Amino acid sequence: MEPACLTLQQRLAYERDGYLVLPGFFPVEEAARLRERVAELLSTGDLLAQRSVFTTREQARQSDEHFLSSGDKIRFFFEEEAFAPDGALRQAPALSINKIGHALHDLDPVFCRFSRAPALRALAADLGLRDPRLLQSMYIFKQPHIGGEVTSHQDATFLWTDPPTALGLWFALEDATLDNACLWVQPGGHRGPLRRRFLRAPGGGTRFLELDGAPYDEGQMVPLPVPTGTLVVLHGLLPHRSGPNRSPRSRQAYTLHLVEGWAAYPADNWLQRDPAMPPRGFDEP
Ligand code: FE2
């Protein structure tokens, strides 16, 4: 990735639409390197000991300590449909993982280097971030046949700061198409209200705090099919989603979320990190 500045048109388009599609932002060889690194992690990690299922339906996440303590770790989460009724995996473990979260960017040297590329620091500055901190990363598999749906949401729901500053960077590590469940976004939807926050519940587990009942305008959503090497920038308030993947091809992506270091980060946000491991900026070792 070479440092590159956004054009004025790109900056204006981001302000207007709440997202930006940057094809060819990183080389396809780099995407292959990240996929290979994850294959290594999968071959060495004790996957079946980490049988947490990821789902966007709130019940399944409740009281999931594996999830709640993953903010500063590398943890594996299985697809909801990965297991047969008898508890056996339907596909090989490497084809059953939904995602890896949430600190690859800090704990894995390959992802750390990729996530702190000078081009990303330049991009964050171009988008107006003054003190960007790398808060969260996810490796998303969208497995063949069983890749789960992610219903419409705003990332600020999960990464709230006061004021809202979350910014998502979505890296296509494989071609994302209509068939293998590419992203869908609501252009301009970032000017709408934050619908809810995802919190740690006082008695343990998690809950949603409803803030605004305005429904997402699903009819306004547009698909973003993109080739490998594309970076999609997503405003933290932009409604977006992706469907289930019923195709025979995976749709792997890496996501990195930035927040402003000067913004307040509430203690009841679901994602908490060890105080000894605060989110770092692009330049901090
Ligand atoms: Fe999202």
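## Pro187 and its surroundings

Let's start in a loop: Pro187 sits between strand 7 and strand 8 (196-200). This is a predicted model, so read everything below as computed from that prediction. With a relative accessible area of 33%, Pro187 is partly exposed, since that label covers values between 20% and 50%.

Which residues does Pro187 touch, once those up to four places away in sequence are set aside? They are Asp17, Tyr19, Gln220 and Val222. Phe67 is another story: Pro187 and Phe67 are 120 residues apart in sequence, and their C-alpha atoms are 31 Å apart in space.

## The nonpolar cores

Tyr19, one of the residues touched by Pro187, also shows up in the contacts of Val233. Val233 belongs to the largest nonpolar core, which has 42 residues. Along with Leu169 and Phe171, Val233 is among the residues with the most contacts inside that core. Helix 2 (residues 28-44) supplies the largest share of this core, namely five residues. There is another core apart from this one, made of 13 residues, including Tyr19, Cys182, Leu183 and Leu234.

As background, nonpolar side chains tend to be buried together in soluble globular proteins.

What does Val233 contact beyond its neighbours within four places in sequence? One group is Tyr14, Gly18, Tyr19, Leu20 and Leu22. Leu123 and Leu127 are also on the list, as are Leu167, Gly168 and Leu169.

## The iron site

Now for the metal. The iron ion is coordinated by His153 through NE2, Asp155 through OD and His240 through NE2, at 2.1 to 2.2 Å. Along the chain, the donors follow the spacing H-x1-D-x84-H. His153 lies in strand 5 (residues 150-153) and His240 in strand 12 (residues 240-242), so this pair ties together parts that are 87 residues apart in sequence.

Are the two histidines buried or exposed? His153 has 14% relative accessibility and counts as buried. His240 comes in at 4% and counts as buried too, because the cut-off for that label is under 20%.

## The second largest pocket

How much space lies in the second largest pocket? About 320 Å³. Its lining is made up of 17 residues, and Tyr14, Leu127, Leu129, Leu167 and His235 lie nearest the centre. Three of these names should ring a bell: Tyr14, Leu127 and Leu167 are also in contact with Val233.

Helix 1 (residues 8-17) contributes the largest share of the lining, three residues. By type, the lining splits into nine nonpolar, four polar and four charged residues.

## Cis bonds and positive phi

A bit of background on backbones: most residues other than glycine have a negative phi, and most peptide bonds are trans. Here are some spots to check against that.

The peptide bond from Gly101 to His102 is cis, with omega near 0°, and His102 is in strand 3. The bond from Asp162 to Pro163 is cis as well, again with omega near 0°. Pro163 is found in the loop between strand 5 and strand 6 (167-172).

As for phi, Lys142 has a positive value near 40° although this residue is not a glycine. Lys142 is in the loop between strand 4 (132-140) and strand 5 and is buried, with a relative accessible area of 3%. Ala181 is not a glycine either, yet its phi is positive at about 75°. Ala181 sits in the loop between strand 6 and strand 7 (183-185) and counts as buried at 5% relative accessibility.

## Lys99 and Ala94

Where is Lys99? In strand 3. Lys99 is buried, with a relative accessible area of 3%. The C-alpha atoms of Lys99 and Phe78 are separated by 7.0 Å, while the two residues are 21 apart along the chain.

Ala94 is placed in the loop between strand 2 (74-78) and strand 3 (97-102). At 40% relative accessibility, Ala94 counts as partly exposed. From Ala94 to Leu41 the C-alpha distance is 9.9 Å, with their positions 53 residues apart in sequence.

Note on methods. Residues are numbered from 1 along each chain as its sequence is written. This is a predicted model: local features need pLDDT of at least 70, side-chain atom pairs count only at pLDDT 80 or more; totals for chains, interfaces and linings use all residues. Side-chain values use heavy atoms; hydrogens and water are left out. A nonpolar core is a set of buried Ala, Val, Leu, Ile, Met, Phe, Trp, Tyr and Cys residues joined through side-chain atoms within 4.5 Å. Buried means under 20% relative accessible area, exposed over 50%, partly exposed in between (1.4 Å probe, protein chains only). Helices (H or I, at least four residues) and strands (E, at least two) are DSSP runs, numbered from the N terminus. Contact means heavy atoms within 4.5 Å. Donors are N, O and S atoms within 2.8 Å of the metal (3.2 Å for Na, K and Ca); water is not among the atoms, so sites may look incomplete. On a 1 Å grid over the protein atoms alone, a cavity is a set of points where a 1.4 Å probe fits but cannot get out, and a pocket is an open set with protein on both sides within 12 Å along at least five of seven lines; lining residues have an atom within 4 Å of a point. Grid points are joined across faces, edges and corners, and a volume is the space filled by probe spheres set on the points. Ala, Val, Leu, Ile, Met, Phe, Trp, Tyr, Cys and Pro count as nonpolar, Asp, Glu, Lys and Arg as charged, and the others, Gly among them, as polar.
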